[in-house]
Amino acid sequence: MRVLVIEDDAQLASYLAKAFGEIGARVELAENGRDGLFLATGNSYDVLVIDRMLPQLDGLAIIRTLRASGNSTPVLVLSALGEVDHRVEGLRAGGDDYLVKPFAFSELHARIEALLRRATPGEAPTTHLRVADLELDLLKREVHRNGQPIALQPREFKLLEYLMRHAGQVVTRTMLLENVWDYHFDPQTNVIDVHISRLRAKIDREFEQPLLQTVRGAGYMLRAD
């Protein structure tokens, strides 16, 4: 489970990161609304835990922006504002649940589990990705283009999977570092350039239509058409 916690109380944020980590969840933290919205729109999460009163951009504004853009990631609102009107406002803004501070982590965890069950009722996990004539089988760990097998190293496979899940979108260097290499800082190496070059050689060199593009000054994109 991948969780984004947007919370400006450093002590509470640290507690939540530790508690989520203990149940095996991968947690990212944002201490203000602007950074939280940037992370929420640039990455894929299973659930968002958003404090209502945040500096720079309040929690409900974040939720409204996400919903207006079509982002349907489950959102649990945290707030010290616990009146009925406050809870109703949070839910109508697009929140899926509303938990009043102070709270027990066990309840927060149970509520998130319930949100995830509702978000994917009986839905089978995706095991096959396809972009144009490029296919990736997550179970067999196989890649084919136009029916021809392509041998990839584990990191190349993970990189291609991420690009295919975001086909048609610009994927930035920061997104790749965080989601493919698990770096939360830029190590100032050419590791991404090297892997992109190797991947491009394998999936594009022998084929007429190139799929993996470099978007100058922005990142990379796998063409969806």
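Start with the charges: color the 27 positive and 32 negative ones, and you'll find that their mean positions sit 3 Å apart. Keep in mind as you click around that this is a predicted model.

**The whole chain**

Zoom out and switch to cartoon. You should be able to pick out eight helices and eleven strands. If you draw a box along the principal axes, the C-alpha atoms fill roughly 65 × 40 × 35 Å. Now put a surface on: the chain exposes about 12,000 Å², with carbon and sulfur atoms supplying 49% of that. Of the 225 residues, 44% count as buried. A contact map is worth a look too: take contacts between residues at least 6 apart in sequence, and 56% of them join residues at least 24 apart.

**Stop 1: Arg 2 and Glu 28**

Back to charges, this time as pairs. Side chains of opposite charge can pair when their charged atoms come close. A search of the whole structure turns up 14 salt bridges. Select Arg 2 and Glu 28 for one of them; the closest N and O atoms are 2.2 Å apart. The two partners are 26 residues apart along the chain, with Arg 2 in strand S1 (residues 2-6) and Glu 28 in strand S2 (residues 26-30). Are they buried or exposed? Both Arg 2 and Glu 28 are buried.

**Stop 2: Lys 101 and Asp 51**

Next, select Lys 101 and Asp 51, another salt bridge, where the closest N and O atoms are 3.2 Å apart. This pair spans 50 residues of sequence: Lys 101 belongs to the loop between strand S5 (97-100) and helix H5 (105-119), while Asp 51 is in strand S3 (residues 47-51). The two ends differ in cover. Lys 101 is partly exposed, at a relative accessible area of 21%, whereas Asp 51 is buried, at 3%.

Stay on Lys 101 and show the backbone. The peptide bond between Lys 101 and Pro 102 is cis, with omega about -10°. That's one to flag, since most peptide bonds are trans. Pro 102 itself is in the loop between S5 and H5.

**Stop 3: Arg 111 and Asp 97**

Slide along to Arg 111 and Asp 97. Their side chains meet in a salt bridge, 2.7 Å from N to O. Arg 111 is in helix H5 and Asp 97 in strand S5, 14 residues apart. What counts as buried here, and what doesn't? Arg 111 is partly exposed at 24% relative accessibility, and Asp 97 is buried at 14%.

Before moving on, add Glu 7 to your selection along with Asp 51 and Lys 101: salt bridges with shared partners join these residues into one network.

**Stop 4: Leu 116**

Stay in helix H5 and select Leu 116. Leu 116 is partly exposed, with 23% relative accessibility. Which residues does Leu 116 touch, leaving out those up to four places away in sequence? They are Met 1, Asp 46 and Val 47. For another distance to display, try Leu 116 to Thr 73: 9.4 Å from C-alpha to C-alpha, across 43 residues of sequence.

**Stop 5: His 166**

Jump to the loop between helix H6 (154-165) and helix H7 (173-179), where you'll find His 166. How accessible is His 166? Its relative accessibility is 10%, so His 166 counts as buried. Show the side chain and look for a polar atom 2.9 Å from the backbone oxygen of Tyr 162.

**Stop 6: two positive phi values**

Last, pull up a Ramachandran plot. Most residues other than glycine have a negative phi, and two residues here are worth picking out against that.

- Arg 141: phi is near 60°, a positive value in a residue that isn't glycine. Look for Arg 141 in the loop between strand S7 (134-137) and strand S8 (142-145). Arg 141 is partly exposed, at 48% relative accessibility.
- Asn 146: here phi is positive as well, about 55°, and again the residue is not a glycine. Asn 146 is in the loop between S8 and strand S9 (148-150). With a relative accessible area of 52%, Asn 146 is exposed. Why exposed, at 52%? Because the cut-off for exposed is over 50%.

Conventions:
Residues numbered from 1 in each chain as written. Predicted model: local features only at pLDDT ≥ 70, side-chain atom pairs only at ≥ 80, totals over all residues. Heavy atoms only, no water. Helix = DSSP H or I, 4+ residues; strand = E, 2+ residues; numbered from the N terminus. Buried < 20%, exposed > 50% of the residue type's maximum accessible area, 1.4 Å probe, protein only. Contact = heavy atoms within 4.5 Å. Areas by Shrake-Rupley, 256 points an atom, 1.4 Å probe, with all protein chains shown as cover. Lys, Arg positive; Asp, Glu negative; His and termini not counted. Charge placed at Lys NZ, Arg CZ, Asp CG, Glu CD. Salt bridge = Lys/Arg side-chain N within 4 Å of Asp/Glu carboxyl O. Polar contact = N/O pair within 3.5 Å; in protein donor to acceptor, adjacent residues only side chain to side chain.
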